[in-house]
Amino acid sequence: MTLKTISINVTGIVQGVGFRYYTIKAARKLDLTGWVKNLPDGSVQIMATGPAEQLDQFSAVVKKSPPAPAGKVTNFTINYLPYHTFDDFNVKY
């Protein structure tokens with residue numbers, strides 16, 4: 001099993017709508033580690049590590065947006081990074 005690390009940046013209506021906690025729930029369900037963080041420009045950054053298949057599933061969930069009608073992802077960018085370990089998946093402040 002090859003472990004990978006990804007960085008995702010999402011924009012849209014993604015702050016103040018439970019998006020970080022939606023992301024944490026999805027990541028933990030897939031046994032991923034990393035973090036999610038609100039950025040000052042209104043976007044959200046996500047770092048996640050795990051098996052490639054689970055990262056693909058996670059990315060698909062993130063693209064779907066938080067439960068309607070509160071949030072909406074309008075732009076999704078993913079970057080592949082050198083492997084990095086994290087202890088858990090949490091909110092980073």
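Visitor: How many aromatic pairs turn up in a search of the whole structure?
Guide: Two. Rings of Phe, Tyr and Trp (its six-membered ring) pair if their centres lie within 6.5 Å; planes under 30 degrees apart count as stacked, over 60 as edge-to-face and the rest as tilted. One pair is Phe 19 with Tyr 22, which is tilted, at 6.2 Å centre to centre and 35° between the planes.

Visitor: Before we go on, what kind of model is this?
Guide: The model is predicted: local features need pLDDT of at least 70, side-chain atom pairs count only at pLDDT 80 or more, and totals for chains, interfaces and linings use all residues. Residues are numbered from 1 along each chain as its sequence is written, and side-chain values use heavy atoms, with hydrogens and water left out.

Visitor: Back to Phe 19 and Tyr 22. Why are they separated by about one helical turn?
Guide: Because they are three residues apart in helix α1. Helices (H or I, at least four residues) and strands (E, at least two) are DSSP runs, numbered from the N terminus.

Visitor: Is Phe 19 buried or exposed?
Guide: Phe 19 is buried, at 1% relative accessibility. Tyr 22 is partly exposed, at 23%. Buried means under 20% relative accessible area, exposed over 50%, and partly exposed in between (1.4 Å probe, protein chains only).

Visitor: And which residues form the edge-to-face pair?
Guide: Phe 58 and Phe 89, 6.0 Å centre to centre with 65° between the planes. This pair links distant parts of the chain, as Phe 58 is in helix α2 and Phe 89 in strand β5, 31 residues apart. Phe 58 and Phe 89 are buried.

Visitor: Which residues touch the most other members of the largest nonpolar core?
Guide: Among them are Phe 19, Phe 58 and Phe 89, along with Ile 8 and Val 10; the core has 21 residues. Such a core is a set of buried Ala, Val, Leu, Ile, Met, Phe, Trp, Tyr and Cys residues joined through side-chain atoms within 4.5 Å.

Visitor: Which elements give two or more residues to this core?
Guide: β1 (3-13), α1 (19-29), β3 (44-51), α2 (52-63), β4 (72-81) and β5 (89-91). α1 gives the most, with four residues.

Visitor: New topic. Where does Ser 59 lie?
Guide: In helix α2. Ser 59 is buried, with a relative accessible area of 9%.

Visitor: What does Ser 59 touch?
Guide: Not counting residues up to four places away in sequence, Ser 59 touches Ile 6, Ile 8, Phe 76 and Ile 78. Contact means heavy atoms within 4.5 Å.
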